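Student: I'd like to learn how to read a protein model. Could we go through this one together, question by question?

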Amino acid sequence: MLEVRSLAIPDVKVVRLKRFSDTRGYFCETFRRSAFVENGISQDFIQDNQSCSERIGTVRGLHFQRPPFAQAKLVRVLRGAILDVVLDLRRRSPTFGKHVSVKLDSESDEQLLVPKGFAHGFCTLEPQTTVLYKVDEVYSPEHDGGVYWADPELAIEWPVKATEAQLSPKDRALPTFGQLTPVFE
């Protein structure tokens, strides 16, 4: 019922779902714990979050939560499309400071698994984009953190210029990667 493939950072995975279509439309099972566990994904997701971004070029991220409230995420686009970016913050990882990106949209039946130890963010590619993500830990404002999305040191190829991106004040003020104190040892 689902296919799992690793990206260039092997712990980050794309989960492709099976869609059943007929004249009415389609049906898709987006999450069944036993099927995910059979495919090596054992996070216990306990909360769903949803965002809607009105405009193309809206950037949300790069966000993470510090331990003990670090979160794994399972990200899915319900409407529209995003460029989803994941940055490795695990200091002992061979891919520390590296990132992967993947386009997710409402037509592809793909979800992105973002494990603990990573910063996550996305840029909308279509107006009225709605994103749903499951997390395995509750939100804790005291443990909230992030990395400035357009940090040149990260060399992320975003689909929007820094001067044109729609950002929250919080995301505009995030530290660069070089300013970030160690988060995940």
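Student: Is Arg91 buried, partly exposed or exposed?
Tutor: Keep in mind that this model is predicted. The relative accessibility of Arg91 is 40%. Buried means under 20% and exposed means over 50%, so Arg91 at 40% counts as partly exposed.

Student: Which residues is Arg91 in contact with, leaving aside its neighbours within four places in sequence?
Tutor: Start with where it sits: Arg91 is found in the loop between E8 and strand E9 (99–105). Along the chain, Arg91 and Phe184 are 93 residues apart, yet their C-alpha atoms are separated by 6.2 Å. With neighbours within four places left aside, the contacts of Arg91 are Phe96, Pro182, Phe184 and Glu185.

Student: Let's turn to rings. What kind of aromatic pair do Phe31 and Phe36 form?
Tutor: A search of the whole structure finds six aromatic pairs. In the one formed by Phe31 and Phe36, the centres are 4.8 Å apart and the planes make an angle of 45°. Planes under 30 degrees apart would be stacked and over 60 edge-to-face, so at 45° the pair is tilted.

Student: Which of Phe31 and Phe36 is buried, and which is partly exposed?
Tutor: Use the accessibility values again. Phe36 has a relative accessible area of 1%, so Phe36 is buried. Phe31 is at 27%, so Phe31 is partly exposed.

Student: What kind of pair do Phe31 and Phe45 make, and how many residues apart in sequence are the parts the pair ties together?
Tutor: Their ring centres are 5.8 Å apart and the planes stand at 80°, so this pair is edge-to-face. Phe31 lies in the loop between strand E4 (25–28) and helix H1 (33–38), while Phe45 lies in the loop between H1 and E5. Phe45 is buried, at 14% relative accessibility. Ring pairs link Phe31, Phe36 and Phe45 into a cluster, and the pair of Phe31 and Phe45 ties together parts of the chain whose separation in sequence is 14 residues.

Student: Now the strands. Which strands stand at the edges of the six-stranded open sheet?
Tutor: The order in this antiparallel sheet is E1-E2-E10-E7-E12-E5. An edge strand has a single partner strand, so one of its sides is left without a neighbour in the sheet. On average, neighbouring strands here are turned by 25° against each other, direction ignored. Reading off the two ends of the order, the edge strands are E1 (2–6) and E5 (47–53).

Student: What is the bridge partner of Arg76 in E10?
Tutor: Strand E7 (residues 73–79) pairs with strand E10 (residues 110–114) in the antiparallel sense, over four bridges. In E10, Arg76 has as its bridge partner Gln111.

Student: Which elements give two or more residues to the largest nonpolar core?
Tutor: That core has 22 residues, and among those with the most contacts inside it are Leu62, Leu87 and Trp158. The elements giving two or more residues to this core are strand E6 (59–65), strand E8 (81–88) and strand E11 (118–124).

Student: Last one: how many disulfides are there, and why does Cys52 not form one?
Tutor: A disulfide needs two cysteine sulfur atoms within 2.5 Å. The closest cysteine sulfur to that of Cys52 is in Cys123, 14 Å away, so the two are too far apart for a bond. By this rule the count of disulfides is zero.

Technical notes: Residues are numbered from 1 along each chain as its sequence is written. This is a predicted model: local features need pLDDT of at least 70, side-chain atom pairs count only at pLDDT 80 or more; totals for chains, interfaces and linings use all residues. Side-chain values use heavy atoms; hydrogens and water are left out. Two strands pair if DSSP finds at least two bridges between them. Axes are lines fitted to C-alpha atoms, for helices over the stretch in contact, and angles run from 0 to 180 degrees between N-to-C directions. A nonpolar core is a set of buried Ala, Val, Leu, Ile, Met, Phe, Trp, Tyr and Cys residues joined through side-chain atoms within 4.5 Å. Buried means under 20% relative accessible area, exposed over 50%, partly exposed in between (1.4 Å probe, protein chains only). Contact means heavy atoms within 4.5 Å. Rings of Phe, Tyr and Trp (its six-membered ring) pair if their centres lie within 6.5 Å; planes under 30 degrees apart count as stacked, over 60 as edge-to-face and the rest as tilted.
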